[in-house]
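Dear colleague,

Please find below the structure that I am handing over to you, together with its sequence. My notes on what was found in it follow.

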Amino acid sequence: MSETHEYDVVVIGAGPVGENVAQYAIEGTDLTATLVEGELYGGECSYWACIPSKALLRPVAVADTTAHLQGVATAEIEPEGLLARRDSWVGGRDDSGQVRWAEDLGITAVRGHARLVGEREVEVTDDGSPVRLRARHAVVLATGSEPVVPPPFADVHPWGSRDATAVAEVPGRLVVVGGGVVAVEAATWMAALGSEVTMLVRGETLLAGQEPFAGAVVAQALQAKGVDVRLSTSATGCRRPDARDTGVGRVHGGPVTVVTDDGEVEADEVLVATGRRPRLGDVGLDAVGLTPDDVLEGRLPEWLHAVGDASGEAPLTHWGKYRARVLGDAIAAAATGRGPLPVPDGAPVPQVVYTDPQVARVGMTEAEAREAGHDVEVAEVPFAQVGGAALLRDDAPGRAKLVVDRKGGLVRGATFVGTDAGQLLHAATIAIIGRVPVHMLRHAVPSFPDVTEVWLRLLEALPVDLRRP
């Protein structure tokens, strides 16, 4: 018979999202919570995704800037130093600090693989005997996501995103399959490390779903770094006679041949970056009469919740953490009988792609806004037109775009592509969530000569009637 422990809240998955749910569900109360994790506390983001990738990308961006800035010698990437910086940021994948953080907040840390086994009941298996956890109020699925590996690559041990961020052996020739965020970021640092990178992109542009100019600017930048970007090219097959699991970040066996609809590509390694899906297949949904579709469509009993990547919402750490804070507070409110904190409708999703130049976007694209039925005006300006942006590097590549609803003059979306463009994004996020009309934004005065002047240029590019109350 399994040992049973009872808590008010049981959270499955101890990444940043799970941590936030547990924290907000119990803070300021007498409630109890446990975090269950089968791998590392801190999750994918801390050890395999956001943190190591940005640790790799920042030096690459700085070095690239020196090549485009008169008055400074061009810096060179030191591969060993770059990988050492990455290693220092993931801390040897030692999660003891994350465990201490949870325990200091009064959250119980439990290691092992968790599965639902009944209403409000979770069984955890590890090396020892199974442990049964019972939730008085809520069970939360914060299990994240897992990579999608298309059938042509299933048997060749391709690299996934973990291999790319944990790179230990730099392949001489690397094929990247995909044109999304993981693909373009990984292509950036792998090229900097010395790989001859070829990107196979099924669509007509990189970063599908962004404003079209974003993908075009990033493609030009990658090509300038020596990356062979092949658009409208589908990978239809893959051969690797000597495929071996040699460990994360190491070349997985012998040479690989990727078959495309435009011929074959030979490489030493292939990185499959074709998306991720919510990790819901091994959490015991069937034990409570549910399917993954029930989770993704919100058909859940009142005691069960999904948040972060597991919910099917935007697969971004910061968005998952925000939704986790909202959910944690709602669980605490229901358990203690107080009213939940108000949550505004339509909070926009911000995202930064850390290529060089960066792509920063929040809210709707122009196409999305029109499809939603909004009567919109758009303003676009080149980054080089803004003095503060031009001072950042001599060629100042990129563009900025504002999507404004004529009804009320409200910002529906903003996209910035340029050097350190991510620093411009939060102002746009505030403008959208605060419902600040553009005639008021005119009175938010940017400093001179700063890149934030792009806001002034965008507002001036709008019709005059929108700039007036």
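**A buried glutamate in β5**

E121 has a relative accessibility of 16% and therefore counts as buried, the cut-off being under 20%. Please bear in mind throughout that this is a predicted model. E121 lies in strand β5, which covers residues 121–125. The side chain of E121 makes a polar contact of 2.8 Å with the side chain of R134. R134 also belongs to the set of residues that E121 touches once its neighbours within four places in sequence are left aside; the others are R115, L116, R132 and L133.

**The parallel sheet**

A second region to examine is an open sheet of four strands, arranged in the order β10-β9-β8-β14 with parallel pairing. As general background, the strands of a sheet pair through backbone hydrogen bonds, in either a parallel or an antiparallel manner. Strands β10 (228–230) and β14 (269–272) are at the edges; each has a single partner strand, and so one side of each has no neighbour in the sheet. From one strand to the next, the twist averages 15 degrees.

The individual pairings may be followed across the sheet in that order:

- β10 and β9 (residues 196–200) are parallel and share three bridges. Here D228 of β10 is the bridge partner of T198.
- β9 and β8 also run parallel, joined by five bridges. In this pairing, M199 of β9 is opposite V176.
- β8 and β14 are paired in the parallel sense through four bridges. E269 of β14 is found opposite L174.

**Strand β8 and the helix across the sheet**

How much of β8 is covered? Four of the five residues of this strand are buried, which leaves β8 mostly covered. Helix α7, formed by residues 181–192, lies across β8 (173–177), β9 and β14. Relative to β9, the helix runs at about 165 degrees. Together, β8, α7 and β9 form a β-α-β unit, and this unit is right-handed.

**Where to look in the viewer**

For E121, I would suggest displaying its side chain together with that of R134, so that the polar contact of 2.8 Å can be seen, a pair of N or O atoms counting as such within 3.5 Å. For the sheet, the residue pairs T198 and D228, V176 and M199, and L174 and E269 serve as markers of the three pairings described above.

With kind regards

Notes: Residues are numbered from 1 along each chain as its sequence is written. This is a predicted model: local features need pLDDT of at least 70, side-chain atom pairs count only at pLDDT 80 or more; totals for chains, interfaces and linings use all residues. Side-chain values use heavy atoms; hydrogens and water are left out. Two strands pair if DSSP finds at least two bridges between them. Helices (H or I, at least four residues) and strands (E, at least two) are DSSP runs, numbered from the N terminus. Axes are lines fitted to C-alpha atoms, for helices over the stretch in contact, and angles run from 0 to 180 degrees between N-to-C directions. Contact means heavy atoms within 4.5 Å. Buried means under 20% relative accessible area, exposed over 50%, partly exposed in between (1.4 Å probe, protein chains only). A crossover is right-handed if, with the strands pointing away from the viewer, the path from the first strand over the helix to the second runs clockwise. A polar contact is a pair of N or O atoms within 3.5 Å; within protein, one must be able to donate a hydrogen and the other to accept it, and residues adjacent in sequence count only if both atoms are side-chain atoms.
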